[in-house]
Amino acid sequence: MTVNLPKDWSEVTLEQYIALHDLNEMEGSDEERALAILSLMSGTTIEDLREVRFYDIQRMMKSIDFLRDEIKGKIRSFVPLTWNGYRITKNAKALTSGQYIDLNYFLSNQKAPKNFPDIMAILMQPTRFGFVRKKEPLEHGDIREAAKQLPMTVVKPLTDFFLSASDSLEKTTQAYSLKKMKNEMENLRGLIVEVSGKDTDGLE
């Protein structure tokens with residue numbers, strides 16, 4: 001039986017990384033956890049791995065020892081996925097107000113790495129013929145699923161950057177909300193003045 005395992009973090013997807021994180025809380029023996037990790041990383045069933053010699057299981061676990069290492073990679077501006085391409089917002093100053101608010105929500109209300117797919121879906125802008133196109137209203141979920149197939153060498157540098165900037169994002173979002181509220185109050189005052197100043201002759 002051939003068991004294909006990743007050689008480094010560039011061959012581990014975000015989906016596998018999240019599942020690997022969940023396995024840290026798995027109950028059972030170290031041997032059972034090892035089989036679960038090998039199954040996740042290779043796609044081989046646990047039942048099939050139970051038939052493998054324990055010596056070979058140890059050898060396989062040693063081959064993925066890189067999982068203990070820090071994930072390193074470069075922040076990319078574009079990633080191809082299946083037949084779609086996505087332009088990645090990699091600069092906080094380039095974020096729209098909507099992206100700021102959505103990022104702040106997922107950074108504040110979900111724990112890493114569970115929030116990584118949503119963070120990536122916010123930063124990934126779909127393209128058409130090489131140009132960024134507007135996201136459809138319900139497209140976030142599709143992009144979120146697509147993001148799960150990204151290698152961790154693409155995901156981790158971006159999520160680390162925005163996680164470290166979460167306090168700044170929160171302050172910026174609060175400032176944006178206060179400014180918006182202030183503008184709305186100014187508009188409301190203008191409306192009150194306009195309505196109160198109208199000629200009421202003839203009205204009962």
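From the N terminus on, the protein chain runs through its elements in the order α-α-α-α-β-β-α-α-β-β-α-α-α, which amounts to nine helices and four strands. The structure is a predicted model, with an average pLDDT of 82 over the protein chain. Of the 204 residues in the chain, 37% are buried. Among contacts with a separation of 6 or more, 66% join residues 24 or more positions apart.

**Confidence of the prediction**

- A pLDDT of at least 70 is reached by 79% of the residues.
- Helix α3 (residues 46-49) has the highest confidence, at 96, while helix α9 (residues 166-196) has the lowest, at a mean of 51.
- The pLDDT is below 50 over residues 191-198, and this stretch has zero contacts in the model beyond near neighbours in sequence.
- Residues 200-204 also stay under a pLDDT of 50, and the model gives them zero contacts beyond four places in sequence.

**Nonpolar core**

- In soluble globular proteins, nonpolar side chains tend to be buried together.
- The largest nonpolar core of this model comprises 48 residues.
- The residues with the most contacts inside this core are W9, I64, L67, L123, M124, L150 and M152.
- Helix α6 provides the largest share of the core, namely six residues.
- Setting aside residues up to four places away in sequence, M152 touches W9, V12, T13, L14, Y17, I71 and P157.

**Helices α6 and α8: F116 and K156**

- F116 is located in helix α6, and K156 is located in helix α8 (residues 152-164).
- F116 counts as buried because its relative accessibility is 3%, under the 20% cut-off.
- K156 also counts as buried, since its relative accessibility of 16% falls under 20%.
- Beyond its neighbours within four places in sequence, F116 is in contact with L14, Y17, V155, K156, T159 and L163.
- The contacts of K156, with neighbours within four places again left aside, are Y17, I71 and F116.
- Y17 is thus among the contacts of F116, of K156 and of M152.
- F116 and D160 are 44 residues apart in sequence, and their C-alpha atoms are 9.8 Å apart in space.

**Helix α2: L40**

- L40 belongs to helix α2.
- L40 has a relative accessible area of 21% and is therefore partly exposed, as buried would require a value under 20%.
- Leaving out neighbours within four places in sequence, L40 makes contact with Q16, A19, L20 and L23.
- One of these contacts, Q16, is 24 residues from L40 in sequence, with a C-alpha to C-alpha distance of 6.8 Å.

**Largest pocket**

- The volume of the largest pocket is about 380 Å³.
- Its lining consists of 16 residues, and those nearest the centre are L20, N24, I37, L67 and R68.
- Helices α1 (14-23) and α2 (30-42) each contribute at least two lining residues, and α1 gives the most, with four.
- By residue class, the lining holds nine nonpolar, two polar and five charged residues.
- L67 is named both among the lining residues nearest the centre of this pocket and among the residues with the most contacts inside the largest nonpolar core.
- L20 also lies nearest the centre, together with the others listed, and is one of the contacts of L40.

**Second largest pocket**

- The second largest pocket holds about 260 Å³ of space.
- It is lined by 13 residues, of which Q99, D102, I122, Q125 and K135 are the closest to its centre.
- Two or more lining residues come from each of α5 (97-109) and α6 (116-123).
- Helix α5 supplies the largest share of this lining, three residues.
- The lining divides into three nonpolar, five polar and five charged residues.

**Helix α5: G98**

- G98 is part of helix α5.
- At 34% relative accessibility, G98 lies between the cut-offs of 20% and 50% and so counts as partly exposed.
- G98 and I122 are separated by 24 residues in sequence and by 9.3 Å in space, C-alpha to C-alpha.
- I122 is also one of the residues closest to the centre of the second largest pocket.

How values were computed:
Residues numbered from 1 in each chain as written. Predicted model: local features only at pLDDT ≥ 70, side-chain atom pairs only at ≥ 80, totals over all residues. Heavy atoms only, no water. pLDDT = per-residue confidence, 0-100. Contact = heavy atoms within 4.5 Å. 1 Å grid on protein atoms, 1.4 Å probe; cavity = no way out; pocket = protein on both sides within 12 Å on 5 of 7 lines; lining within 4 Å. Points joined across faces, edges and corners; volume = space filled by probe spheres on them. Nonpolar A, V, L, I, M, F, W, Y, C, P; charged D, E, K, R; others polar. Buried < 20%, exposed > 50% of the residue type's maximum accessible area, 1.4 Å probe, protein only. Core = buried A, V, L, I, M, F, W, Y, C linked by side-chain atoms within 4.5 Å.
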